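I opened a new notebook page for this one. Here is what I looked up, entry by entry.

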Amino acid sequence: MATVDLTSLRSHNDRTVLRLVRSGALSRASIAAEAGLTPQAVSKIVARLISAGLLEETGAVRDGGRGKPRMSLRLAAGGACAYGAHVDRDELRVVKLDLTGEVVSSSVVPLAPMFTPSDVLDVLAPLISVDEKVLGLGIGIAGPLEHRDGVVSPHGLPGWSSVPLRALAEQRLGLPVVVDKDTNAAVLAEAWRRPLRDAALVFVGTGLGVGLLLGGEVHRGARSGAGEFGHTTIQLDGPLCVCGRRGCVEAVHATATGAEAARVLAAAVTNLVQLLDLDQIVLSGRTVLESPELYLRAMPDVDVSLTSYGADLVPVGAGLLILGELF
Ligand SMILES: [Zn+2]
(Lines give C-alpha, C1' and ligand atoms only; values in the text may rest on other atoms or scores of the structure.)
Protein backbone atom coordinates (compact mmCIF):
# COMPACT_ATOMS: atom_id res chain seq x y z
CA MET A 1 0.00 0.00 0.00
CA ALA A 2 1.34 3.40 -0.98
CA THR A 3 2.17 5.89 1.74
CA VAL A 4 -0.32 8.72 2.04
CA ASP A 5 1.51 11.80 0.87
CA LEU A 6 -0.54 14.70 2.19
CA THR A 7 1.39 17.34 0.30
CA SER A 8 0.36 15.80 -3.02
CA LEU A 9 -3.26 15.34 -1.96
CA ARG A 10 -4.04 18.83 -0.79
CA SER A 11 -4.95 20.20 -4.18
CA HIS A 12 -8.36 21.75 -4.40
CA ASN A 13 -9.61 19.18 -6.92
CA ASP A 14 -8.46 16.19 -4.86
CA ARG A 15 -10.30 17.56 -1.85
CA THR A 16 -13.38 18.27 -3.95
CA VAL A 17 -13.49 14.68 -5.22
CA LEU A 18 -13.03 13.21 -1.73
CA ARG A 19 -15.73 15.51 -0.36
CA LEU A 20 -18.18 14.55 -3.12
CA VAL A 21 -17.57 10.83 -2.62
CA ARG A 22 -18.11 11.31 1.12
CA SER A 23 -21.39 13.13 0.48
CA GLY A 24 -22.67 10.38 -1.80
CA ALA A 25 -21.55 11.09 -5.39
CA LEU A 26 -20.81 7.52 -6.36
CA SER A 27 -19.56 7.39 -9.94
CA ARG A 28 -16.90 9.28 -11.86
CA ALA A 29 -19.66 10.72 -14.07
CA SER A 30 -21.69 12.10 -11.17
CA ILE A 31 -18.53 13.54 -9.58
CA ALA A 32 -17.66 15.27 -12.87
CA ALA A 33 -21.17 16.71 -13.10
CA GLU A 34 -21.20 18.01 -9.52
CA ALA A 35 -17.63 19.33 -9.50
CA GLY A 36 -17.82 20.95 -12.93
CA LEU A 37 -14.71 19.02 -14.02
CA THR A 38 -14.18 17.08 -17.25
CA PRO A 39 -14.60 13.28 -17.07
CA GLN A 40 -10.93 12.94 -18.08
CA ALA A 41 -9.79 15.13 -15.17
CA VAL A 42 -11.96 13.21 -12.73
CA SER A 43 -10.60 9.87 -14.01
CA LYS A 44 -7.04 11.07 -13.38
CA ILE A 45 -7.80 12.35 -9.89
CA VAL A 46 -9.71 9.20 -8.98
CA ALA A 47 -6.84 7.01 -10.23
CA ARG A 48 -4.43 8.98 -8.06
CA LEU A 49 -6.67 8.74 -5.00
CA ILE A 50 -7.15 4.99 -5.52
CA SER A 51 -3.40 4.43 -5.79
CA ALA A 52 -2.91 6.51 -2.63
CA GLY A 53 -5.33 4.14 -0.93
CA LEU A 54 -7.97 6.76 -0.15
CA LEU A 55 -10.71 5.64 -2.57
CA GLU A 56 -11.89 2.21 -3.61
CA GLU A 57 -14.23 0.81 -6.24
CA THR A 58 -17.19 -1.10 -4.87
CA GLY A 59 -18.49 -2.67 -8.09
CA ALA A 60 -20.62 -1.77 -11.05
CA VAL A 61 -23.88 0.16 -10.76
CA ARG A 62 -26.33 1.07 -13.51
CA ASP A 63 -27.48 4.58 -12.71
CA GLY A 64 -29.31 5.21 -15.99
CA GLY A 65 -30.57 1.78 -16.89
CA ARG A 66 -29.00 2.08 -20.35
CA GLY A 67 -25.38 2.22 -21.44
CA LYS A 68 -22.48 0.53 -19.81
CA PRO A 69 -22.50 0.18 -16.00
CA ARG A 70 -20.44 2.63 -13.96
CA MET A 71 -18.00 1.73 -11.25
CA SER A 72 -19.19 2.98 -7.90
CA LEU A 73 -16.66 4.65 -5.55
CA ARG A 74 -16.38 5.04 -1.81
CA LEU A 75 -13.83 6.24 0.72
CA ALA A 76 -11.36 3.48 1.64
CA ALA A 77 -11.95 3.57 5.39
CA GLY A 78 -8.56 2.08 6.22
CA GLY A 79 -6.64 4.23 3.74
CA ALA A 80 -5.71 6.89 6.28
CA CYS A 81 -6.42 7.64 9.91
CA ALA A 82 -6.01 10.36 12.50
CA TYR A 83 -5.88 10.52 16.27
CA GLY A 84 -7.89 12.94 18.36
CA ALA A 85 -7.38 13.74 22.03
CA HIS A 86 -9.31 15.70 24.63
CA VAL A 87 -7.24 17.01 27.53
CA ASP A 88 -9.94 17.59 30.14
CA ARG A 89 -9.42 18.87 33.69
CA ASP A 90 -9.53 15.33 35.12
CA GLU A 91 -9.00 12.86 32.27
CA LEU A 92 -7.47 12.30 28.86
CA ARG A 93 -9.63 10.77 26.16
CA VAL A 94 -8.11 9.54 22.88
CA VAL A 95 -9.76 8.14 19.75
CA LYS A 96 -8.42 6.81 16.48
CA LEU A 97 -10.54 7.72 13.44
CA ASP A 98 -10.59 6.00 10.07
CA LEU A 99 -10.83 8.01 6.85
CA THR A 100 -14.64 8.16 7.10
CA GLY A 101 -14.41 9.74 10.57
CA GLU A 102 -15.65 6.64 12.38
CA VAL A 103 -14.07 5.74 15.71
CA VAL A 104 -11.80 2.70 15.36
CA SER A 105 -10.59 2.69 18.96
CA SER A 106 -11.12 4.81 22.03
CA SER A 107 -9.46 5.06 25.44
CA VAL A 108 -9.81 7.18 28.54
CA VAL A 109 -7.19 7.65 31.27
CA PRO A 110 -7.71 9.65 34.48
CA LEU A 111 -5.37 12.60 35.07
CA ALA A 112 -4.18 13.30 38.62
CA PRO A 113 -4.91 16.74 40.14
CA MET A 114 -2.32 19.41 39.17
CA PHE A 115 -1.12 17.36 36.20
CA THR A 116 1.60 18.98 34.06
CA PRO A 117 2.04 19.07 30.26
CA SER A 118 4.68 16.34 30.47
CA ASP A 119 2.29 14.18 32.55
CA VAL A 120 -0.19 14.45 29.65
CA LEU A 121 2.45 13.48 27.08
CA ASP A 122 3.50 10.52 29.24
CA VAL A 123 -0.09 9.25 29.23
CA LEU A 124 -0.66 10.10 25.58
CA ALA A 125 2.47 8.58 24.00
CA PRO A 126 1.66 4.88 24.59
CA LEU A 127 -1.86 5.40 23.15
CA ILE A 128 -0.57 6.62 19.76
CA SER A 129 1.05 4.24 17.31
CA VAL A 130 2.61 6.05 14.40
CA ASP A 131 2.66 4.43 10.96
CA GLU A 132 2.44 5.69 7.39
CA LYS A 133 -1.39 5.76 7.45
CA VAL A 134 -1.52 8.11 10.45
CA LEU A 135 -1.96 11.70 9.29
CA GLY A 136 -1.54 13.33 12.68
CA LEU A 137 -3.04 14.13 16.06
CA GLY A 138 -5.56 16.81 16.93
CA ILE A 139 -5.77 17.97 20.55
CA GLY A 140 -8.80 19.69 22.04
CA ILE A 141 -8.28 21.56 25.31
CA ALA A 142 -9.91 24.44 27.21
CA GLY A 143 -9.04 28.01 26.19
CA PRO A 144 -7.56 30.47 26.12
CA LEU A 145 -5.13 29.27 23.48
CA GLU A 146 -3.50 30.32 20.23
CA HIS A 147 -4.82 27.96 17.56
CA ARG A 148 -2.10 28.56 14.95
CA ASP A 149 0.92 28.18 17.25
CA GLY A 150 -0.71 25.66 19.54
CA VAL A 151 0.29 27.62 22.65
CA VAL A 152 -2.21 27.11 25.47
CA SER A 153 -3.04 28.76 28.82
CA PRO A 154 -6.21 26.87 29.75
CA HIS A 155 -8.49 28.08 32.54
CA GLY A 156 -8.77 25.56 35.34
CA LEU A 157 -5.38 23.90 34.79
CA PRO A 158 -3.06 25.38 37.44
CA GLY A 159 0.48 26.00 36.24
CA TRP A 160 -0.42 25.80 32.55
CA SER A 161 0.62 29.20 31.25
CA SER A 162 1.81 29.76 27.64
CA VAL A 163 2.53 26.03 27.19
CA PRO A 164 3.73 25.26 23.62
CA LEU A 165 1.60 22.12 23.55
CA ARG A 166 1.71 21.64 19.80
CA ALA A 167 5.53 21.77 19.63
CA LEU A 168 5.93 19.57 22.72
CA ALA A 169 3.56 16.93 21.35
CA GLU A 170 5.13 16.95 17.87
CA GLN A 171 8.57 16.52 19.37
CA ARG A 172 7.48 13.70 21.68
CA LEU A 173 5.24 11.80 19.24
CA GLY A 174 6.93 12.46 15.92
CA LEU A 175 3.80 13.34 13.95
CA PRO A 176 1.93 16.50 12.92
CA VAL A 177 -0.18 17.98 15.73
CA VAL A 178 -2.97 20.57 15.64
CA VAL A 179 -4.32 22.18 18.82
CA ASP A 180 -7.72 23.81 19.14
CA LYS A 181 -10.26 24.62 21.79
CA ASP A 182 -12.27 21.62 22.96
CA THR A 183 -15.46 23.43 22.00
CA ASN A 184 -14.26 24.16 18.44
CA ALA A 185 -13.37 20.50 18.01
CA ALA A 186 -16.82 19.58 19.31
CA VAL A 187 -18.74 21.77 16.88
CA LEU A 188 -16.62 20.41 14.00
CA ALA A 189 -17.60 16.87 15.02
CA GLU A 190 -21.30 17.77 14.98
CA ALA A 191 -20.99 19.50 11.59
CA TRP A 192 -19.30 16.38 10.18
CA ARG A 193 -22.49 14.38 10.77
CA ARG A 194 -25.25 16.83 9.94
CA PRO A 195 -25.79 20.15 8.21
CA LEU A 196 -25.15 23.05 10.60
CA ARG A 197 -24.76 26.66 9.49
CA ASP A 198 -25.33 29.25 12.21
CA ALA A 199 -25.05 27.16 15.30
CA ALA A 200 -23.59 27.08 18.79
CA LEU A 201 -22.49 23.88 20.41
CA VAL A 202 -22.84 24.42 24.14
CA PHE A 203 -20.43 22.25 26.10
CA VAL A 204 -20.99 21.80 29.83
CA GLY A 205 -18.45 19.49 31.37
CA THR A 206 -15.74 20.33 33.87
CA GLY A 207 -15.87 23.78 32.25
CA LEU A 208 -18.47 25.59 30.19
CA GLY A 209 -18.02 27.01 26.69
CA VAL A 210 -19.41 27.17 23.19
CA GLY A 211 -18.12 26.26 19.75
CA LEU A 212 -19.49 28.69 17.18
CA LEU A 213 -20.28 27.87 13.59
CA LEU A 214 -21.09 31.04 11.65
CA GLY A 215 -21.99 30.76 7.97
CA GLY A 216 -20.86 27.14 8.10
CA GLU A 217 -17.32 27.95 9.31
CA VAL A 218 -15.82 27.58 12.79
CA HIS A 219 -15.55 31.09 14.23
CA ARG A 220 -12.33 31.44 16.23
CA GLY A 221 -12.09 35.24 16.38
CA ALA A 222 -9.07 37.53 16.07
CA ARG A 223 -6.96 35.78 18.74
CA SER A 224 -8.62 32.31 18.81
CA GLY A 225 -10.55 33.65 21.80
CA ALA A 226 -14.12 33.32 20.47
CA GLY A 227 -16.47 31.06 22.38
CA GLU A 228 -15.30 31.93 25.92
CA PHE A 229 -18.99 31.96 26.68
CA GLY A 230 -18.43 30.46 30.14
CA HIS A 231 -16.55 33.62 31.08
CA THR A 232 -19.15 36.15 30.09
CA THR A 233 -20.66 37.88 33.11
CA ILE A 234 -24.20 36.96 34.06
CA GLN A 235 -24.25 38.12 37.70
CA LEU A 236 -22.45 41.28 38.87
CA ASP A 237 -20.49 40.53 42.07
CA GLY A 238 -21.40 36.85 41.69
CA PRO A 239 -19.25 33.88 42.75
CA LEU A 240 -15.51 33.84 41.99
CA CYS A 241 -14.57 32.02 38.77
CA VAL A 242 -11.47 30.00 37.75
CA CYS A 243 -10.64 32.88 35.36
CA GLY A 244 -10.26 35.29 38.27
CA ARG A 245 -13.40 37.35 37.60
CA ARG A 246 -16.76 37.18 39.34
CA GLY A 247 -20.22 36.15 38.21
CA CYS A 248 -19.19 34.32 35.02
CA VAL A 249 -21.76 31.93 33.51
CA GLU A 250 -19.46 29.00 34.40
CA ALA A 251 -19.17 30.04 38.06
CA VAL A 252 -22.86 30.87 38.52
CA HIS A 253 -23.89 27.62 36.80
CA ALA A 254 -21.51 25.64 39.03
CA THR A 255 -23.05 27.03 42.22
CA ALA A 256 -26.60 26.17 41.09
CA THR A 257 -28.13 22.69 40.86
CA GLY A 258 -30.85 20.90 38.88
CA ALA A 259 -33.49 23.07 37.23
CA GLU A 260 -31.86 26.27 38.52
CA ALA A 261 -28.56 25.35 36.81
CA ALA A 262 -30.46 24.69 33.58
CA ARG A 263 -32.17 28.11 33.92
CA VAL A 264 -28.80 29.85 34.34
CA LEU A 265 -27.48 28.18 31.20
CA ALA A 266 -30.69 28.95 29.29
CA ALA A 267 -30.46 32.66 30.16
CA ALA A 268 -26.91 32.80 28.85
CA VAL A 269 -27.80 30.83 25.71
CA THR A 270 -30.72 33.18 25.06
CA ASN A 271 -28.27 36.12 25.13
CA LEU A 272 -26.06 34.29 22.64
CA VAL A 273 -28.94 33.54 20.27
CA GLN A 274 -30.03 37.20 20.45
CA LEU A 275 -26.50 38.40 19.76
CA LEU A 276 -25.67 36.14 16.81
CA ASP A 277 -29.07 35.17 15.37
CA LEU A 278 -28.34 31.48 15.66
CA ASP A 279 -30.87 28.92 14.48
CA GLN A 280 -29.40 25.76 16.01
CA ILE A 281 -28.16 24.95 19.50
CA VAL A 282 -26.49 21.62 20.25
CA LEU A 283 -26.14 20.67 23.92
CA SER A 284 -23.23 18.50 25.01
CA GLY A 285 -20.83 17.67 27.83
CA ARG A 286 -21.20 15.28 30.71
CA THR A 287 -23.20 17.66 32.95
CA VAL A 288 -25.89 18.09 30.30
CA LEU A 289 -25.89 14.41 29.37
CA GLU A 290 -26.54 13.47 33.03
CA SER A 291 -29.92 15.24 32.95
CA PRO A 292 -30.66 16.14 29.34
CA GLU A 293 -34.43 16.69 29.75
CA LEU A 294 -33.85 19.40 32.33
CA TYR A 295 -31.57 21.33 29.98
CA LEU A 296 -33.60 20.74 26.82
CA ARG A 297 -36.77 22.05 28.51
CA ALA A 298 -35.09 25.25 29.70
CA MET A 299 -33.61 26.35 26.35
CA PRO A 300 -34.89 29.23 24.18
CA ASP A 301 -37.23 28.61 21.28
CA VAL A 302 -34.80 27.64 18.51
CA ASP A 303 -33.82 24.24 17.11
CA VAL A 304 -32.22 22.66 20.20
CA SER A 305 -30.79 19.14 20.16
CA LEU A 306 -28.40 16.90 22.04
CA THR A 307 -25.05 15.81 20.67
CA SER A 308 -25.14 12.40 19.01
CA TYR A 309 -21.58 11.53 20.09
CA GLY A 310 -21.64 11.12 23.85
CA ALA A 311 -18.26 11.22 25.60
CA ASP A 312 -16.17 10.92 22.40
CA LEU A 313 -17.42 14.26 21.03
CA VAL A 314 -14.30 16.36 21.65
CA PRO A 315 -11.66 13.75 20.73
CA VAL A 316 -13.56 12.92 17.50
CA GLY A 317 -13.67 16.62 16.60
CA ALA A 318 -9.97 16.95 17.43
CA GLY A 319 -9.21 14.07 15.05
CA LEU A 320 -11.32 15.79 12.40
CA LEU A 321 -9.07 18.87 12.65
CA ILE A 322 -6.48 16.61 10.96
CA LEU A 323 -8.72 14.40 8.82
CA GLY A 324 -10.79 17.36 7.62
CA GLU A 325 -7.80 18.75 5.73
CA LEU A 326 -8.37 16.02 3.13
CA PHE A 327 -11.90 17.25 2.40
ZN1 LIG B 1 -14.78 33.11 34.39
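**Entry 1: the five-stranded sheet**

I started with strands β3 (residues 81-87) and β6 (residues 134-141), which run parallel and are joined by six bridges. For my own use: helices (H or I, at least four residues) and strands (E, at least two) are DSSP runs, numbered from the N terminus, and two strands pair if DSSP finds at least two bridges between them. In β6, V134 is the residue opposite C81.

Before going on, I noted that this is a predicted model, where local features need pLDDT of at least 70, side-chain atom pairs count only at pLDDT 80 or more, and totals for chains, interfaces and linings use all residues. Residues are numbered from 1 along each chain as its sequence is written, and side-chain values use heavy atoms, with hydrogens and water left out.

Then I traced the sheet: it is open, has five strands in the order β5-β4-β3-β6-β10, and its pairing is mixed. Its edge strands, each pairing on one side only, are β5 (103-110) and β10 (177-181). On average, neighbouring strands here are turned by 15 degrees against each other, direction ignored.

Two helices lie across this sheet. Helix α4 (residues 117-124) lies across β3, β4 (91-98), β5 and β6, at about 45 degrees to β4. Helix α11 (residues 313-323) lies across β3, β4, β5, β6 and β10, at about 135 degrees to β3. I took axes as lines fitted to C-alpha atoms, for helices over the stretch in contact, with angles from 0 to 180 degrees between N-to-C directions; contact means heavy atoms within 4.5 Å.

**Entry 2: helix α5**

Which residues of helix α5 (residues 165-173) are buried? I found L165, A169 and L173, where buried means under 20% relative accessible area, exposed over 50%, and partly exposed in between (1.4 Å probe, protein chains only). Seen down the axis of α5, these buried residues fall within an arc of 40 degrees, so they line one face of the helix; the arc is that of the directions from the helix axis to the C-beta atoms. They pack against α4, β6, β8 (151-152), β9 (163-164) and β10. After α5 comes G174, with a positive phi near 70 degrees.

**Entry 3: strand β14**

I checked strand β14 (residues 280-284) next: five of its five residues are buried, so the rest of the structure largely encloses it. Q280, V282 and S284 cover one side, I281 and L283 the other. Strand β11 (residues 199-204) pairs with β14 in the parallel sense over five bridges, and L201 has V282 as its bridge partner. Strand β15 (residues 303-306) also pairs with β14 in the parallel sense, over four bridges; there S305 is the bridge partner of V282.

**Entry 4: the zinc ion**

Which protein atoms hold the donor places of the zinc ion? They are H231 (ND1), C241 (SG), C243 (SG) and C248 (SG), 2.0 to 2.4 Å from the ion. Donors are N, O and S atoms within 2.8 Å of the metal (3.2 Å for Na, K and Ca); water is not among the atoms, so sites may look incomplete. In sequence, the donor residues are spaced H-x9-C-x1-C-x4-C.

I also looked at burial. H231 sits in the loop between β13 (217-218) and α7 (249-255) and is buried, at 8% relative accessible area. C241 is buried at 8% too, whereas C243 is partly exposed at 21%.
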